[in-house]
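Trainee: I should like a close look at one part of this structure, together with whatever it packs against. Could you take me through it in a connected way?

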Amino acid sequence: MNARLWIGTSWKMHKTIAEAEAYVGELTASPLLDRVEAFIVPPFTALAAVHRALGDAPVHLGAQTMHWQDEGAQTGEISPLMLRDCGVGIVELGHSERRASHGETDATVNAKVASALRHGLRPLICVGDQGDDLDAGASIETVLRQVKLAIKGIDTASLGRALIAYEPVWAIGEAGRPAEPAHVAEVHGALRAMLGQRGLAALPLLYGGSVDRANAGALTALANVDGLFVGRAAWTARGFEEVIEAALHGAKDRAGLA
Ligand SMILES: O=C(CO)[C@H](O)COP(=O)(O)O
C-alpha cells in the first residue's frame with residue numbers, strides 16, 4: 001500500500017466568497033498539495049466559487065453536512081444532488097456541533113452515509129467522546145458504537161469510499177484541550193480492529209480536535225492515524241500549509257505512506 005495522508009480543514013461558519021477565493025488562490029500555490037490528499041470544507045455559500053477557484057488543483061472539495069433525501073419539502077436543507085452540482089466530492093457527517101445543536105443523531109448520520117454513498121460522495125463520518133466518557137474510561141466504547149451505528153446496514157464494498165474522523169468533543173475549539181497521542185493511538189487502534197473485523201481495515205482514520213503545527217507531527221507519527229481534520233489552525237492558507245508540512249514530517253518514517 002502506498003497511501004497518502006488525508007489532511008483537511010472545515011471552515012465551519014467562517015469566510016465570505018471573496019475570503020474563500022483569496023484563501024484558495026494562496027493555498028493552490030503550495031507544492032505540498034501534491035504530497036497529500038488535501039481537502040477543504042467551506043460553508044455552502046462558497047462551495048461553487050471555491051470549486052471554480054480550485055480548477056485542476058489537487059484539493060478535494062467537501063461540504064459540512066447534507067440531507068439524506070434527493071429533494072423534498074425540507075426548508076433550509078441541502079441535498080446530495082445539490083452538493084454534486086457544486087463540484088463537491090466529500091461530505092462531513094455527524095460532526096459533534098451538528099449532533100449537539102442541530103438535531104443530528106446516529107440514525108440521521110446512518111441515513112446520510114447511505115445517501116452520500118449512493119450519490120458517489122465520500123462520507124467523512126465524524127465521531128467523538130464527551131469529557132464524561134473520557135473520565136469514565138468509556139471513550140472507546142462510545143466511539144465504536146457511533147461508527148457501528150453510522151455504517152449499520154450499508155454494504156462493505158460501498159463503504160470503501162468512507163473516511164472516519166475521531167474528534168473528541170473535549171478537544172474541539174477554543175475551550176478544547178488537544179488529545180494526547182497515546183489516547184489517540186488507543187482509540188484509533190480500537191477503531192482499526194473493529195473495522196478490520198468487518199473487512200474495512202483500509203478506511204482512512206483521521207484525528208481532529210485542536211490540531212496545529214506543533215502537535216500535527218506527533219499525531220501522524222502514529223501507525224493508525226491516516227490523516228488530520230483541522231479547524232482553527234488551518235483557517236489561513238499558510239496555517240494549513242504549516243500543518244501539512246508538520247504532518248508530513250511526522251509521518252516520514254512510516255512504512256506504506258507515500
Ligand atoms: O471539525 C473540526 C475540524 O475541522 C474540529 O471541530 C476541530 O476544530 P479545531 O479544534 O478548531 O481544530
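Mentor: What follows begins with helix α1 and moves from there to the barrel and the ligand.

The model is predicted: local features are described only where pLDDT is at least 70, side-chain atom pairs count only at pLDDT 80 or more, and totals for chains, interfaces and linings use all residues. Residue numbers start from 1 along each chain as its sequence is written. Helices (H or I, at least four residues) and strands (E, at least two) are DSSP runs, numbered from the N terminus.

Helix α1 spans residues 17-27, and its buried residues are A20, Y23, V24 and L27. They occupy an arc of only 95 degrees around the axis, which places them on the same side of α1; the arc is that of the directions from the helix axis to the C-beta atoms. An α-helix has 3.6 residues a turn, so residues three or four places apart point the same way. On the face turned away from the buried side, α1 carries the exposed residues A18 and G25. A residue is called buried if 20 or more other C-beta atoms lie within 10 Å of its own, exposed if 12 or fewer do, and partly exposed in between, with C-beta atoms placed from the backbone.

A20 illustrates the covered side: this residue counts as buried because it has 21 C-beta neighbours inside 10 Å. Residues up to four places away in sequence aside, A20 touches K15, P42, A46, A49 and V50. Contact here means that the C-beta atoms of two residues, placed from the backbone, lie within 7 Å. The buried residues of α1 pack against two helices, α2 (47-54) and α11 (237-250).

Helix α11 leads on to the barrel. Eight strands form a closed barrel in the order β1-β2-β3-β4-β5-β6-β7-β8, with parallel pairing; strands pair if DSSP finds at least two bridges between them. From one strand to the next, the twist averages 25 degrees. Packed on this sheet, α11 touches β1, β2 (37-41) and β8, and its direction makes about 155 degrees with that of β1. Such angles run from 0 to 180 degrees between N-to-C directions, with axes being lines fitted to C-alpha atoms, for helices over the stretch in contact.

Elsewhere in the barrel, strand β5 (residues 122-127) has five of its six residues buried. Four parallel bridges link β5 to strand β4 (residues 90-93), with P123 of β5 as the bridge partner of V91. Strand β6 (residues 163-166) is likewise parallel to β5 and joined to it by four bridges; there, L163 is the bridge partner of L124.

Two of the strands touched by α11, β1 and β8, also help to surround the ligand: β1 (6-10) and β8 (227-230) each supply at least two residues of its shell. Of the 16 residues around the ligand, S10, I172, G208, G231 and R232 come nearest, a residue being near if its C-beta atom, placed from the backbone, lies within 6 Å. The shell comprises five nonpolar, nine polar and two charged residues. Ala, Val, Leu, Ile, Met, Phe, Trp, Tyr, Cys and Pro count as nonpolar, Asp, Glu, Lys and Arg as charged, and the others, Gly among them, as polar.
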